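User: Please take a close look at one part of this model, the largest cavity, and at the parts of the chain that surround it. What lines it, and how are those parts arranged?

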Amino acid sequence: MGIRIIGTGKYVPPKVLTNHDLEKMVETNDEWIRSRTGIIERRIVEGDIAASDLATEASKIAIEKAGLKPEDIDAIICATITPDMVFPATAYLIADKLGIKRPGFDLNAACSGFVYSSALAYSMLKTGIFKNILVIGSEVLSKIVDWQDRNTCVLFGDGAGAAIYTIDNSESDILAIELGGDGGCADLLYMPAGGSKMPASEETVKNRLHFIKMNGRETFKMAVRMMTESVEKVIQKANIKKEDIKLVIPHQANIRIIDAIAEYLGVRREEKVFVNLDKYGNTSAASIPIALDEAISQGKINRGDIVILVAFGGGFSWGAIALRY
Ligand SMILES: CC(C)(COP(=O)(O)OP(=O)(O)OC[C@H]1O[C@@H](n2cnc3c(N)ncnc32)[C@H](O)[C@@H]1OP(=O)(O)O)[C@@H](O)C(=O)NCCC(=O)NCCS
């Protein structure tokens with residue numbers, strides 16, 4: 001029995017925020033953002049749209065493409081660092097919006113959330129707990145980005161991607177999983193306030209502590225190192241060669257990080273590495289499932305192809321999955 005992705009979907013909010021728009025908000029410019037990150041524009045929600053709203057839209061598409069009905073979904077895992085609220089988990093709100101009552105939970109591994117959630121879905125399917133698991137990455141980062149901080153606000157965007165994993169006797173399977181983490185780096189990329197350590201107060205709001213804080217340079221170095229190492233290890237575990245890989249779908253944070261992965265693989269980026277961060281920026285846990293859906297829609301992945309998903313994010317967390325689609 002193998003694990004197979006039977007449907008994917010994505011949803012991004014319609015409002016586009018370009019680098020030129022950002023020039024009017026902070027001291028930055030299109031040339032700087034493009035050359036340092038590869039990002040040209042990103043999508044931003046309006047009003048009270050929350051992570052569950054984006055997730056529900058992406059999920060509906062994934063369910064339809066899988067040829068299923070919402071009732072066929074046995075459980076929901078929602079990877080997010082921007083849940084609708086601290087509790088209940090966004091997964092229940094999504095289930096309710098899909099019109100079903102199902103078990104589910106949110107998973108916080110920041111930008112590695114979809115890779116971690118997929119690993120978990122794999123285990124739950126292999127042990128026979130469930131048959132169809134809806135795995136979602138959904139983020140409304142625009143609500144935790146400090147729009148006065150040019151070091152971070154140019155990087156992030158909103159969106160959701162969804163995939164349905166099932167277990168059946170097809171040739172498809174997850175070939176290897178490689179996960180890593182280092183809590184010693186927690187304060188290099190984090191949101192200081194709003195949790196039990198520093199609950200919301202007048203002070204935390206005044207000091208802008210409910211926003212993403214990041215040491216960009218250190219994060220960049222670790223991302224390059226751990227993403228290339230993860231790809232190397234997952235290739236070894238899966239007992240495949242670099243040449244066997246049809247497509248690498250990396251977390252979309254920075255084009256220079258993605259180029260380092262292409263360099264490690266010894267390929268031109270255009271050949272084997274999927275990129276869409278120019279359109280969406282860094283959407284954290286949503287970036288890989290959005291990219292996966294686009295890669296499949298564009299015919300860049302076909303049944304039987306070997307695909308690598310690789311991520312890095314706050315925690316620090318990182319990981320890679322090798323799968324036969
Ligand atoms: C954030 C990032 C793009 C910055 O690129 P960089 O080449 O490292 O740039 P530096 O941090 O060295 O900053 C260079 C200069 O540009 C300035 N700068 C920062 N943001 C800027 C902006 N939006 N526009 C213009 N200038 C900016 C800095 O203040 C600095 O100026 P200084 O030299 O006068 O101090 C890069 O570090 C990065 O991508 N890091 C990883 C981020 C990431 O992926 N996070 C999520 C991981 S999941």
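Analyst: The cavity comes before the two sheets and the loops.

This is a predicted model, in which local features need pLDDT of at least 70 and side-chain atom pairs count only at pLDDT 80 or more, while totals for chains, interfaces and linings use all residues. Residues are numbered from 1 along each chain as its sequence is written, and side-chain values use heavy atoms, with hydrogens and water left out.

A cavity is a set of points, on a 1 Å grid over the protein atoms alone, where a 1.4 Å probe fits but cannot get out; lining residues have an atom within 4 Å of a point. Grid points are joined across faces, edges and corners, and a volume is the space filled by probe spheres set on the points. By this rule there is one cavity of 30 Å³ or more. The largest cavity holds about 40 Å³ of space.

Its lining consists of I3, R4, I5, Y165, D173, I174, L323, R324 and Y325. Six of the lining residues are nonpolar, three are charged and none is polar (Ala, Val, Leu, Ile, Met, Phe, Trp, Tyr, Cys and Pro count as nonpolar, Asp, Glu, Lys and Arg as charged, and the others, Gly among them, as polar). At least two lining residues come from each of strand 1 (2-11), strand 8 (173-181) and strand 13 (317-324), and strand 1 gives the most, with three. Strands (E, at least two residues) and helices (H or I, at least four) are DSSP runs, numbered from the N terminus.

The chain is assigned domain 1 (2-170) and domain 2 (174-324), with bounds from an automatic or database domain assignment. Each domain supplies at least three residues of the cavity lining. The C-alpha centres of the two domains are 14 Å apart, and 51 residues of domain 1 are in contact with 46 residues of domain 2, where contact means heavy atoms within 4.5 Å.

Strand 1 belongs to an open sheet of five strands in the order 1-7-6-4-5, with mixed pairing; two strands pair if DSSP finds at least two bridges between them. Strand 1 and strand 5 (104-107) are at the edges with a single partner strand each, so one side of each has no neighbour in the sheet. Neighbouring strands of this sheet are turned by 20° against each other on average, direction ignored. Axes are lines fitted to C-alpha atoms, for helices over the stretch in contact, and angles run from 0 to 180 degrees between N-to-C directions. Helix 3 (residues 51-65) lies across strand 1, strand 6 and strand 7 (158-168), at about 125° to strand 1. Helix 12 (residues 287-297) also touches strand 1, strand 6 and strand 7, and its direction makes about 100° with that of strand 1.

Strand 8 and strand 13 belong to an open sheet of four strands, ordered 8-13-12-11, with mixed pairing. Strand 8 and strand 11 (245-250) are its edge strands, each pairing on one side only. The twist averages 10° from one strand to the next. Strand 8 pairs with strand 13 in the antiparallel sense over eight bridges, and the bridge partner of L179 in strand 13 is G319. Helix 12 lies across strand 11 and strand 12 as well, at about 145° to strand 11.

The loop between strand 12 (306-313) and strand 13 contains F316. The peptide bond from G315 to F316 is cis, with omega near -15°.

Terms used
On a 1 Å grid over the protein atoms alone, a cavity is a set of points where a 1.4 Å probe fits but cannot get out, and a pocket is an open set with protein on both sides within 12 Å along at least five of seven lines; lining residues have an atom within 4 Å of a point.
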